[in-house]
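Please open the model in your viewer and keep the selection panel at hand. The tour below goes from one selection to the next and says what is to be found at each stop.

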Amino acid sequence: MSSLFRKPNVKIDDHAQKKFAVLSVSPDGSHLASASWDGSVGLWSLPDGALVAMMTGHGGVVNDVAFSSDGALLYSASADGTIRVWRVSEASETRQLVQHGFGVNKLLLGSGWLAYGAVDGGTRVIDPDSGEEIADLTLDRRPILSMATRPDGGEIAVGDGEGFVMTVSTESWSITGDYQAAGKGPVWALAYSGDGESLLAGGIDDAAYIWPAHNTLDAPIMATEERGFLRDPDAMSNGERQFRRKCSICHSLTDDGARRAGPHLGGLFGRPAGSVEGYRYSETVAGLGFDWNETTVDQLFDLGPDHFIPGSKMPMQVIAKPEDRADLIAFLKDNT
Ligand code: HEC
């Protein structure tokens with residue numbers, strides 16, 4: 001790489017006014033691609049650094065680029081609301097894969113999936129070949145500013161404009177965690193540690209945050225408006241303990257207006273599934289057509305959301321002991 005910038009024949013400064021947003025190297029190391037603010041997608045060969053093409057077509061700032069795992073295709077995301085696909089060997093556009101309508105800020109490519117985040121908060125996963133939707137993980141209308149894949153490919157993290165970080169399993173496409181950094185500032189950068197054990201977030205409030213990437217649901221929250229985690233668990237009823245540990249990271253008990261990954265649970269018993277106004281449910285939950293009551297909530301965590309409501313954004317989790325489920329339901333009935 002260093003030779004690219006030392007060689008006099010590489011006129012990187014010819015493009016200084018382009019303001020590169022992102023650089024990406026193909027998996028085999030043969031190409032370098034750039035996302036540029038002037039709307040072009042740059043392609044260079046490596047290691048000589050020779051310009052292959054400045055590819056145009058996007059109607060706005062290009063925010064991100066990523067190569068397919070075989071290096072044959074390049075994907076670009078733009079403020080014009082599209083994701084485009086370019087064939088590297090021909091340096092030409094093959095198709096528009098996504099027309100999101102709002103600017104696309106970030107994209108991630110995995111094996112068989114492409115995840116992207118947009119300025120309207122849209123967070124979607126699609127098949128990179130067909131463009132078909134695999135999952136809609138959209139939570140609310142906060143710009144998505146950063147995304148990262150865990151080194152083993154099993155999880156992605158998504159950071160937004162108000163300091164929230166959501167983690168998602170790439171096996172089930174369900175949400176596994178949801179955090180807010182102490183400062184509430186935008187999360188501009190996210191990265192997993194090499195061993196995948198920690199997730200690092202960087203913002204503008206002069207602080208970086210590190211979370212353990214595994215067992216996120218059991219881990220203490222860095223900062224939250226609800227102080228439940230700081231209370232002595234021994235002083236709580238079993239039902240409250242279940243809720244604090246397993247649900248409160250994503251659900252509030254009442255409609256307090258605070259943003260969580262899941263809908264508030266106020267008035268849950270007798271409430272039709274998928275009916276909280278303004279919450280963006282997955283299609284599965286929106287179309288369930290039954291009410292939440294003792295039986296359906298019990299089944300939800302006896303079988304686990306992945307079996308009871310397949311396709312839901314809720315994380316896979318089972319509460320094995322019937323007493324724990326009964327205590328949780330009793331607590332929810334008293335407090336929602
Ligand atoms: C990591 C985040 C997360 C955790 C933890 C979590 N949920 Fe959820 N929950 C969600 C999301 C997201 C949805 C919306 C699902 C969808 O639209 O597919 C949801 C939906 C629900 C619903 C359906 C609500 C409705 O309006 O139809 C219920 C009930 C529920 N959760 C209860 C619980 C309980 C009880 C726990 C704890 C045992 C829990 N959840 C733990 C994220 C979570």
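In which loop is Trp 173 found? Select Trp 173 in this predicted model, and you will find the residue in the loop between strand 15 (164-169) and strand 16. Its backbone deserves a look, since Trp 173 has a positive phi of about 55° although it is not a glycine. With a relative accessible area of 10%, Trp 173 falls under the 20% limit and is therefore buried.

From Trp 173, follow the chain into strand 16, which spans residues 175-180, and then display the ligand. The space taken by the ligand is the largest cavity. Strand 16, together with helix 4 (294-303) and helix 6, is among the elements that give two or more residues to the shell around the ligand. There are 30 residues around the ligand, and those that come nearest are Cys 247, Cys 250, His 251, Ser 282 and Met 314.

Now centre the view on the iron atom of the ligand, and show the side chains of His 251 and Met 314. The iron is coordinated by NE2 of His 251 and by SD of Met 314, at 2.0 to 2.1 Å. These two residues come from distant parts of the chain, 63 residues apart: His 251 belongs to the loop between helix 2 (238-246) and helix 3 (283-286), whereas Met 314 belongs to the loop between helix 5 (305-308) and helix 6 (322-335). Why is the arrangement around the iron atom called octahedral? There are six donor atoms, and the angles that they subtend at the iron run from 83 to 178°, which makes the arrangement octahedral.

Are His 251 and Met 314 buried or partly exposed? His 251 counts as buried, at 11% relative accessibility, while Met 314, at 21%, counts as partly exposed.

Next, colour the oxygen atoms of the ligand and select Arg 271, Ser 282 and Trp 292 in turn. A polar side-chain atom of Arg 271 lies 2.8 Å from an oxygen atom of the ligand. For Ser 282, an N or O atom of the side chain is 2.5 Å from a ligand oxygen, and for Trp 292 the corresponding separation from a ligand oxygen is 2.7 Å.

Leave the ligand and select Arg 142, in the loop between strand 12 (133-136) and strand 13 (144-149). Arg 142 has a relative accessible area of 19%, and is therefore buried under the 20% limit. Add Glu 162 to the selection, and the side chains of Arg 142 and Glu 162 can be seen in a polar contact at 3.2 Å.

Move then to Ala 91, which is placed in the loop between strand 7 (82-87) and strand 8. Like the tryptophan at the start of the tour, Ala 91 is not a glycine and yet has a positive phi, here of about 50°. A little further along the chain is Thr 94, in strand 8 (residues 92-99), which counts as partly exposed at 38% relative accessibility. If you draw a distance between the C-alpha atoms of Thr 94 and Leu 73, which are 21 residues apart along the chain, the viewer should give 9.1 Å.

For the last stop, select Leu 46 and Pro 47, and turn on the backbone atoms. The peptide bond from Leu 46 to Pro 47 is cis, with omega near 5°, and Pro 47 is found in the loop between strand 3 (41-45) and strand 4 (51-55).

Conventions:
Residues are numbered from 1 along each chain as its sequence is written. This is a predicted model: local features need pLDDT of at least 70, side-chain atom pairs count only at pLDDT 80 or more; totals for chains, interfaces and linings use all residues. Side-chain values use heavy atoms; hydrogens and water are left out. Donors are N, O and S atoms within 2.8 Å of the metal (3.2 Å for Na, K and Ca); water is not among the atoms, so sites may look incomplete. Four donors count as tetrahedral if all angles lie between 85 and 135 degrees; four count as square planar and six as octahedral if opposite donors are over 155 degrees apart and all others between 65 and 115; anything else is irregular. Helices (H or I, at least four residues) and strands (E, at least two) are DSSP runs, numbered from the N terminus. Buried means under 20% relative accessible area, exposed over 50%, partly exposed in between (1.4 Å probe, protein chains only). A residue is near a molecule or strand if one of its heavy atoms lies within 4 Å of it. A polar contact is a pair of N or O atoms within 3.5 Å; within protein, one must be able to donate a hydrogen and the other to accept it, and residues adjacent in sequence count only if both atoms are side-chain atoms. On a 1 Å grid over the protein atoms alone, a cavity is a set of points where a 1.4 Å probe fits but cannot get out, and a pocket is an open set with protein on both sides within 12 Å along at least five of seven lines; lining residues have an atom within 4 Å of a point. A molecule sits in a cavity or pocket if more than half of its atoms lie within 2 Å of its grid points.
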